[in-house]
Amino acid sequence: MTTAMQRRHEQDQQQHSDEHDIVDVGNDSEGEETKDDDVVVGADGMYSESFSAQEIALERMAAEATEALARLPTLERLAELRSIEDVQVRRQKTKDVHALLLREWKQDRRWGGMGRHLVEDIHVSFRRGFEMLVKEGEMRQEVNVSSFRQLDNSLHHHHSIEDHSWFPRLKQLHPESRSEVDILERDHRKLIELEARVASGDYDALVEFVEHLMDHLNREEMLSVPWLLEGTGGL
């Protein structure tokens with residue numbers, strides 16, 4: 001009797017052990033499936049990196065490209081940016097490079113002079129004002145024409161000083177940069193061309209006006225702030 005009970009007990013233990021092995025195999029399988037969720041199977045059946053890993057790699061490459069552009073001499077940097085054919089891509093890359101340079105300028109011990117005044121006192125008022133117009137009109141795709149004209153009058157006054165006084169002085173002080181200053185002057189004329197459409201209530205024209213202005217300010221600061229920091233900016 002005792003022997004029979006022992007055999008029965010051993011059989012129960014073996015069955016329990018077998019069931020435990022089955023459960024372990026199932027868990028291992030589920031673990032592998034979870035792991036597979038982190039990879040992407042291509043059309044050729046090959047595994048590739050996960051989307052998140054690819055995105056991280058692309059972001060790292062973009063950051064390195066921005067850093068490389070920021071390290072170039074000013075005229076070479078502006079020429080490289082201008083070589084980007086897609087307008088939106090070019091404007092975004094210019095914005096990214098400008099943001100990196102701005103952080104560096106603010107750490108410069110000479111930042112408290114005309115460079116800071118141009119960026120933080122003059123240009124920032126135009127940036128905030130015109131960007132607010134875009135944001136306020138976005139839902140209904142409309143333009144607050146009265147506010148636009150008020151801001152635009154101030155912008156005209158600022159650009160008039162640049163066109164008739166500051167830009168000619170920059171060309172004299174830095175003749176190697178004459179072509180870049182010419183481009184800034186053409187930017188002013190482009191903005192004037194867009195004014196009539198914006199004043200008629202064309203929201204798309206407002207968006208283009210503001211995007212063009214922001215890009216213009218970014219490039220103008222890239223060109224002029226280093227000179228202003230070193231005291232050769234003509235102001």
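Leaving aside neighbours within four places in sequence, Thr66 is in contact with Lys93, Asp96, Val97 and Leu100. These contacts are taken from a predicted model. Thr66 itself belongs to helix H2, which spans residues 51-71. With a relative accessible area of 10%, Thr66 falls under the 20% limit and therefore counts as buried. One of its contact partners is also a polar partner. The side chains of Thr66 and Lys93 are joined by a polar contact of 2.8 Å.

The wider fold is as follows. The chain has eight helices and two strands. Read from the N terminus, the order of elements is α-β-β-α-α-α-α-α-α-α. The chain holds 235 residues, and 33% of them count as buried. Contacts between residues at least 6 apart in sequence were also sorted by separation. Of these, 71% join residues at least 24 apart.

Aromatic pairing comes next. The structure holds four aromatic pairs. In one of them, the ring centres of Phe130 and Phe209 are 5.4 Å apart. Their planes meet at 45°, so this pair is tilted. The pair links distant parts of the chain. Phe130 sits in helix H5 and Phe209 in helix H8, with their positions 79 residues apart in sequence. Both Phe130 and Phe209 are buried.

Phe209 also pairs with Phe148. Here the geometry is edge-to-face, with 5.2 Å from centre to centre and 80° between the planes. Phe148 lies in helix H6 (residues 145-173) and Phe209 in helix H8, so this pair ties together parts that are 61 residues apart in sequence. Phe148 has a relative accessible area of 1% and is buried. For Phe209 the value is 0%, again buried. Phe130, Phe148 and Phe209 form one aromatic cluster. Phe209 takes part in both of the pairs described, with Phe130 and with Phe148.

Pockets were then examined. The largest pocket encloses about 540 Å³ of space. Its lining comprises 21 residues. Lys95, Arg127, Glu131, Met214 and Asn218 lie nearest the centre of this pocket. Three helices give two or more residues each to the lining: H4 (87-107), H5 (114-137) and H8 (203-230). H4 gives the most, with eight residues. By class, the lining of the largest pocket has eight nonpolar, four polar and nine charged residues. Helices H5 and H8 thus recur here: they contribute to this lining, and they carry the ring pair Phe130 and Phe209.

The second largest pocket has a volume of about 220 Å³. Its lining is made of 13 residues, of which Arg82, Arg90, Asp187, Asp215 and Arg219 lie nearest the centre. At least two lining residues come from each of helix H3 (74-82), H4, H7 and H8. H4 supplies the largest share, four residues. The lining of the second largest pocket divides into four nonpolar, two polar and seven charged residues. H4 is the leading contributor to the lining of the largest pocket and to that of the second largest pocket.

Helix H7 also holds a buried charged residue. Glu185 is placed in this helix, which runs over residues 178-199. The relative accessible area of Glu185 is 15%, which is under 20%, so the residue counts as buried. Its contacts, not counting residues up to four places away in sequence, are with Asp163, Phe167 and Lys171. With Lys171 there is also a polar contact between side chains, at 3.1 Å.

A backbone feature of the loop between H5 and H6 completes the description. Gln141 lies in this loop. Gln141 is not a glycine, yet its phi is positive, at about 55°. At 44% relative accessibility, Gln141 lies between the 20% and 50% limits and therefore counts as partly exposed.

Definitions and conventions: Residues numbered from 1 in each chain as written. Predicted model: local features only at pLDDT ≥ 70, side-chain atom pairs only at ≥ 80, totals over all residues. Heavy atoms only, no water. Buried < 20%, exposed > 50% of the residue type's maximum accessible area, 1.4 Å probe, protein only. Polar contact = N/O pair within 3.5 Å; in protein donor to acceptor, adjacent residues only side chain to side chain. Contact = heavy atoms within 4.5 Å. 1 Å grid on protein atoms, 1.4 Å probe; cavity = no way out; pocket = protein on both sides within 12 Å on 5 of 7 lines; lining within 4 Å. Points joined across faces, edges and corners; volume = space filled by probe spheres on them. Nonpolar A, V, L, I, M, F, W, Y, C, P; charged D, E, K, R; others polar. Phe/Tyr/Trp six-rings, centres within 6.5 Å; stacked < 30°, edge-to-face > 60°.
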